[in-house]
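I opened this notebook to record what I looked up in one protein model. The entries follow the order in which I consulted the structure.

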Amino acid sequence: MPVSVVQPPPVTNNPSQHPYAGIDQAMRGALARMTGGVSPFALVETWTDWALHLSRAPGRQLELAEHARDNALKLAHFAAKSATGSDSNPPFSPKAHDHRFTDAGWKSPPFSLWQQSFLATQDWWDRATEDVRGLRKQDSDRTRFLVRQMLDTVSPSNFPWLNPEILAETARTGGRNLAEGAVHAADDWLHTLSQTHTPPPEGYQLGKDLACTPGEVVYRNDIFELLQYTPQTGEVQAEPVLIVPAWIMKYYILDLSPHNSLINYLVGQGFTVFAISWCNPTAEQRDLSLEDYRKRGVMAALDAISAIVPGQKIHANGYCLGGTMLAIAAATMARDGDDRLASITLMAAQVDFTEAGELLLFLDESQVAFLEDMMWAQGYLDRPQMARAFASIRAEDLIYTRAVQRYFLGKEDLPTDIGVWNADTTRMPARMHSEYLRGLFLENRLSAGRFAVEGRVIALKDIAAPMFVIGTETDHIAPWKSVYKTRLFTDADLTFLLTKSGHNGGILSEPGHPRRHYRVGHRPEGALYVDPDSWFAQTEPKDGSWWPEWINWLNANSSGKTAPPPIGAADKGYPPLEPAPGSYIHQT
């Protein structure tokens, strides 16, 4: 009985139970495609909840009126100083991740006044959407998010006649920048309408420039290919390493250019490395479940590795939701007495989702049901629908700054390895996506002890293998304090490392990467819990890349060097099939 999460109620043909439910589901699915998967009902509920609670708080209304007055006075004082040519420090500053006003022209009037007026309005709305007594925190946070999205559309940086950088460039080029920007806009619009996949630019070809660590595909089923990489050293650690990436990304984020490839680095440090390359599912694979990804994904990969490198335990490494799946698999293995894991590494991966960051702003019962209806109609969550959700979290940079650069300044997007990977998005099968949204995000079943695999509940505390858990300081997908909570729900020997940068940039932190640091601490088996703020305060930062720290930990948890194993095991049903990176990486 491979039930891992609560399923949405199926549409039934029983006439006594809502005989026209299929009509409703089809209508909602069509509406969901029109709105990009955003539930208008959830939005109305959010605004109503905020407005009604604020309406019964006259003291808070008075506070907001005073805050508006104070902001207006600050603006008036700044405008007067600017008009007389006096130096005046601007009273409002952009947020740390907001780079729309970096051009020097924003320091001069009248542009400085337009910028400050926008930031003053943004500041007032931030205050207005702070918690109101009785208001659900999710609704206050979501209201703030929605206001931010609306304000971003009217930022003065978006309008050519209000943006000094655009005006200067237009004067310098005689308007050529606007003509080139119009070409870019038309090209992007055509790609959006046709949903065609843009091939990688020259110098960023898969298998040649990116994902180019030598190896072979040694196993393939309908869900994944297993890659085994060619050894680069005369001896290797006896225990091989399995990389489990998230299914919402292609695996080669961990095998980008040779200089910043974690996989290439691991192989070069004397490890036998295997990596899962997930398929890009189609509508025919709509019924793939979380259990399929565990059993016919992670467990099938472990079985293959055990056949190719017999008699050895395996270092397993999971990234993002791949780490969550690895934790589920490891807890199930512990419950069932399967001790094949030598260690477990979780990179920017959560096992508890109560503090899962701004992605939770998109999730409640109305929103998830809306997505389910959309996926019911098309069989999967499509790439643009997911990409828009991630982009809107950092809309200032990922949407508006890019739009200004491309459409008004006429600048081409400069290709980068991570940019090519970021554009190479995947689909999510309908059933699996619904399961993890409900079972993990909405109901938080894994850390609550209510997540069942094959009909029986699993517990993270059963995991006995040593763990290495990595969080990233500015992660908005898996906030580091949420990742840190793995310490709360496990008892095994655990090392927690916090590295600089975000969800992807923090993991891609190769030796020699400038301005990098990390903190690392060890929690012995059975030690008392230390909260994240106390841990941060008492753990000194170290300069440099965290990769060597992890390699040292892997070496310490390995049994020693041996000759490299063969590539594949044809006599056991795992022959080399084709060179890495395989064929699934090319699926669009």
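**Entry 1. Proline 110 and the cis bonds**

I began with Pro 110, which I located in the loop between α3 (58-83) and α4 (111-128). I noted at the outset that the model is a predicted one. I then looked at the bond leading into this residue: the peptide bond from Pro 109 to Pro 110 is cis, and its omega is near 0 degrees.

I recorded a further cis peptide bond, running from Ala 580 to Pro 581, with omega near 15 degrees. I placed Pro 581 in the segment that follows β17 (578-579).

**Entry 2. Positive phi outside glycine**

I next looked up backbone angles. Cys 320 is not a glycine, yet its phi is positive, near 55 degrees. I found Cys 320 in the loop that joins β6 (314-319) to α10 (321-335). Is Cys 320 buried or exposed? Its relative accessibility is 7%, so I entered Cys 320 as buried, the cut-off being under 20%.

Asn 444 also has a positive phi, of about 50 degrees, without being a glycine. I traced Asn 444 to the loop between α15 (430-442) and β10 (452-453). With a relative accessible area of 10%, Asn 444 is buried.

**Entry 3. Threonine 272**

I turned to Thr 272, in the loop between α8 (262-268) and β5 (273-278). Thr 272 counts as buried because its relative accessibility is 6%. Which residues does Thr 272 touch, leaving aside those up to four places away in sequence? I listed Gln 228, Val 236, Pro 240, Val 241 and Pro 565.

**Entry 4. Nonpolar cores**

I examined the largest nonpolar core, which has 123 residues. The members that touch the most other members are Leu 226, Leu 242, Trp 247, Tyr 252 and Tyr 436. Helix α9 (residues 290-308) supplies the largest share of this core, with eleven residues.

I followed Trp 247 in detail. Not counting residues up to four places away in sequence, its contacts include the aromatic residues Trp 278, Tyr 293 and Tyr 436. Trp 247 also touches Leu 290, Leu 321 and Gly 322, together with Met 325, Met 428 and Met 432. I completed the list for Trp 247 with Thr 426 and Arg 427.

Apart from the largest core I found another, of ten residues, among them Leu 75, Ala 120, Val 147 and Leu 151.

**Entry 5. The chain as a whole**

I closed with the overall figures. I counted 19 helices and 17 strands in the protein chain. Along its principal axes, the C-alpha trace spans about 80 × 65 × 55 Å. How does the radius of gyration agree with that of a compact globule? For 588 residues a compact globule would have a value near 25 Å, and the chain has 26 Å, so I recorded agreement.

Of the 588 residues, 52% count as buried. Among contacts with a separation of 6 or more, 82% are between residues 24 or more positions apart. The chain exposes about 25300 Å², and carbon and sulfur atoms supply 57% of that area.

Finally, I noted 53 positive and 68 negative side chains in the protein chain. The centres of these two sets lie 3 Å apart.

Notes: Residues are numbered from 1 along each chain as its sequence is written. This is a predicted model: local features need pLDDT of at least 70, side-chain atom pairs count only at pLDDT 80 or more; totals for chains, interfaces and linings use all residues. Side-chain values use heavy atoms; hydrogens and water are left out. A nonpolar core is a set of buried Ala, Val, Leu, Ile, Met, Phe, Trp, Tyr and Cys residues joined through side-chain atoms within 4.5 Å. Buried means under 20% relative accessible area, exposed over 50%, partly exposed in between (1.4 Å probe, protein chains only). Helices (H or I, at least four residues) and strands (E, at least two) are DSSP runs, numbered from the N terminus. Contact means heavy atoms within 4.5 Å. The radius of gyration is taken over C-alpha atoms; the globule rule is 2.2 Å times the number of residues to the power 0.38. Accessible areas come from the Shrake-Rupley method with a 1.4 Å probe; for residues, only the protein chains shown count as cover. Lys and Arg count as positive and Asp and Glu as negative; His and the chain ends are not counted. The place of a charge is taken as NZ of Lys, CZ of Arg, CG of Asp or CD of Glu.
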